[in-house]
Amino acid sequence: RRAEAAQHASAASATGTGVTIDVGANVGSVEDARAAAANGADLAGLVRTEFLFLDRDQAPTVDEQVAVYREIAQALGGRRITLRTLDAGSDKPLPYLPPPTEANPFLGVRGLRHSLTHPEMFAEQLTAIVRVARETPVSIMFPMVTTVDELKAARAMLAEAGDAPGLQVGMMVEVPAAALRAADFIPYVDFFSIGTNDLTQYTLAAERGNAALSNLTAGLDPAVAQLIDHVCRAAGDTVLVSVCGELAGDEEVVPRLIASGVRELSVAPGLVPLVKRAVRAA
Ligand code: PEP
Ligand code: MG
């Protein structure tokens, strides 16, 4: 019975009308990757690489990063892993880099902005990711992209780090400016991954962790839904749209996301079976 349940969990999920939706897991440790596999995840749709960089005296070396990314891929049985480059900021300071003093860290030097201001460290992470992508299916994505120029700068640095056949390159869509300009980013990406946690925060001007504002930030706000629709329309059949924010794990919201054109969801490992069920019911 357990083997049957596991098989059911890992089977591909398609809607009632036959649209295949990959259901991945959000992973912040090797342990999470094991939990993702046990829950039948089709891929790791978001690997938050911060866990490798925080709470230590020095940045991880290229070799250390390669070893951990490889371990995550192995834990997932060689299924695709989506490595998000470091999403650091002054709200999550790195002990070995002097954190800037910022009145509003969520509006500060974070995500890709942070990586582009620390090019040596960024180059090392890109080198590690390219190396792993030569061995196993890897997607890379950049967090907090705001302008096309930032994305081009990141892609230029990625090109410097070398080639890996099969490496898919994408960006998080979590800043309203990027959602509105989705069409302008399309020539430079293979996929979009919508980060609804930050997209909601920035669209509604409501801090994501502030419990007093949960009436604004819990659930799919109509303004955020419009941005998601806009991104999907711009993407058309050219670029895959994934959602990796909390909303992807809300079974009430899943059918709405699929109707918009979202074709991949990534959620906490324990929610994978529930989301697969929601997809099959849609
Ligand atoms: C998001 O912003 O929705 C997201 C998935 O990224 P994080 O929660 O790591 O900021
Ligand atoms: Mg985010």
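V47 has L83 as its bridge partner in β4. The contact belongs to a predicted model. Strand β4 covers residues 81-84 and runs parallel to β3, with three bridges joining the two. Between these strands in the fold sits helix α3, residues 62-75; β3, α3 and β4 together make a right-handed β-α-β unit.

Now look at β3 itself. Four of its five residues are buried, which leaves the strand mostly covered. Strand β3 also pairs with β2, again in the parallel sense, over three bridges. Two residue pairs let you trace this register. A25 stands opposite A44 in β3. N26 has L46 as its bridge partner, also in β3.

Move on to β2. How many of the eight residues of strand β2 are buried? Seven of them are, so β2, residues 20-27, is largely enclosed by the rest of the structure. Part of that setting can be followed strand by strand. Besides β3, strand β2 pairs with β9, residues 264-267, in the parallel sense over four bridges. Here A25 appears again: A25 stands opposite V267 in β9. A25 thus faces A44 in β3 and V267 in β9.

Strand β2 has one more pairing to follow, this time with β1. Strand β1 is residues 13-14, and its pairing with β2 is antiparallel, over two bridges. S13 has I21 in β2 as its bridge partner. The two strands form a hairpin with five residues between them. Within this hairpin, G18 takes a positive phi near 85°.

Finally, turn to the ligand. Which residues surround ligand 1? They are L46, R48, D87, E174, G195, T196, N197, D198, C244 and G245. Two elements each give two or more residues to this shell: β3, residues 44-48, and α9, residues 196-204. The largest share comes from α9, with three residues. By class, the shell holds two nonpolar, four polar and four charged residues.

The ligand shell leads back to the strands. L46 is among the residues around ligand 1, and L46 is also the bridge partner of N26. Strand β3 therefore takes part in two settings: β3 gives two or more residues to the shell, and β3 pairs with β2.

How values were computed. Residues are numbered from 1 along each chain as its sequence is written. Chains are lettered from A and ligands numbered from 1 in the order in which they are written. This is a predicted model: local features need pLDDT of at least 70, side-chain atom pairs count only at pLDDT 80 or more; totals for chains, interfaces and linings use all residues. A residue is near a molecule or strand if its C-beta atom, placed from the backbone, lies within 6 Å of it. Ala, Val, Leu, Ile, Met, Phe, Trp, Tyr, Cys and Pro count as nonpolar, Asp, Glu, Lys and Arg as charged, and the others, Gly among them, as polar. A residue is buried if 20 or more other C-beta atoms lie within 10 Å of its own, exposed if 12 or fewer, and partly exposed in between; C-beta atoms are placed from the backbone. Two strands pair if DSSP finds at least two bridges between them. A crossover is right-handed if, with the strands pointing away from the viewer, the path from the first strand over the helix to the second runs clockwise.
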